[in-house]
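Colleague: I am new to this one. Could you walk me through it, one question at a time?

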Amino acid sequence: MADANSTGASTNVVLAPGIGALDRGRWMTHKLIDGLSEDEMYAQPCAGANHAVWVVGHIAVTDDYFLSALGGQDSG
């Protein structure tokens, strides 16, 4: 079996689907928050729940982690 670092083809088997999943997730996130006012972005949907800005920030940090891991370098 080929080393994932020895050929671009082996790397693309993992990288392309990962980037595709991140793109779909970002698209869905944008659709969910599109049109919300600033007040709505910071409103808690129920007691103890996180507001939309917290959720979007969490998704951004997670995206950054996976992109850094897949890309092999720190986003710095």
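Modeller: Happy to! Let us begin with a residue on the outside and then work around the chain. Please keep in mind that this is a predicted model.

Colleague: Thanks! Where is Leu70 placed?

Modeller: To place a residue, we look for the element whose range takes it in. One of the elements here is α3, which runs over residues 52-71. The place of Leu70 is in helix α3.

Colleague: And is Leu70 buried, partly exposed or exposed?

Modeller: Buried would need a relative accessible area under 20%, and exposed would need over 50%. Leu70 has 30%, so this residue falls between the two limits and is partly exposed.

Colleague: Which residues form the nonpolar patch on the surface?

Modeller: Leu70 is one of its members. Together the patch residues have about 490 Å² of accessible area. The full set is Val13, Val14, Tyr65, Phe66 and Leu70.

Colleague: Which element gives the largest share of that patch?

Modeller: Two elements give two or more residues each, namely α1 (8-33) and α3 (52-71). The largest share is three residues, and it comes from α3.

Colleague: Let us turn to Asp63. Is it buried or exposed?

Modeller: Asp63 is also found in helix α3. The limit for buried is under 20% relative accessible area. Asp63 has a relative accessibility of 11%, so it counts as buried.

Colleague: Which side chain does Asp63 join through a polar contact of 2.8 Å?

Modeller: Setting aside neighbours within four places in sequence, Asp63 is in contact with Leu22 and Arg26. Ile19, 44 residues away along the chain, has its C-alpha atom 9.6 Å from that of Asp63. The polar contact of 2.8 Å links the side chain of Asp63 to that of Arg26.

Colleague: Stepping back, which pattern does the chain follow along the sequence?

Modeller: There are zero strands to place, and the helices number three. Read along the sequence, that gives α-α-α.

Colleague: How much of the chain is buried?

Modeller: The chain exposes about 5,900 Å², and 60% of that is supplied by carbon and sulfur atoms. Of its 76 residues, the buried share is 12%.

Colleague: Last one: which element has the lowest mean pLDDT?

Modeller: Over the whole chain the mean pLDDT is 81, and 83% of the residues reach 70 or more. Where pLDDT is low, the predicted coordinates should not be read in detail. Among the elements, helix α2 (residues 38-42) has the highest mean, 96, while the lowest, 80, belongs to α1.

Terms used. Residues numbered from 1 in each chain as written. Heavy atoms only, no water. Patch = residues over 30% accessible without salt bridge, like charges linked within 9 Å, V, L, I, M, F, W, Y side chains within 5 Å. Areas by Shrake-Rupley, 256 points an atom, 1.4 Å probe, with all protein chains shown as cover. Salt bridge = Lys/Arg side-chain N within 4 Å of Asp/Glu carboxyl O. Helix = DSSP H or I, 4+ residues; strand = E, 2+ residues; numbered from the N terminus. Buried < 20%, exposed > 50% of the residue type's maximum accessible area, 1.4 Å probe, protein only. pLDDT = per-residue confidence, 0-100. Contact = heavy atoms within 4.5 Å. Polar contact = N/O pair within 3.5 Å; in protein donor to acceptor, adjacent residues only side chain to side chain.
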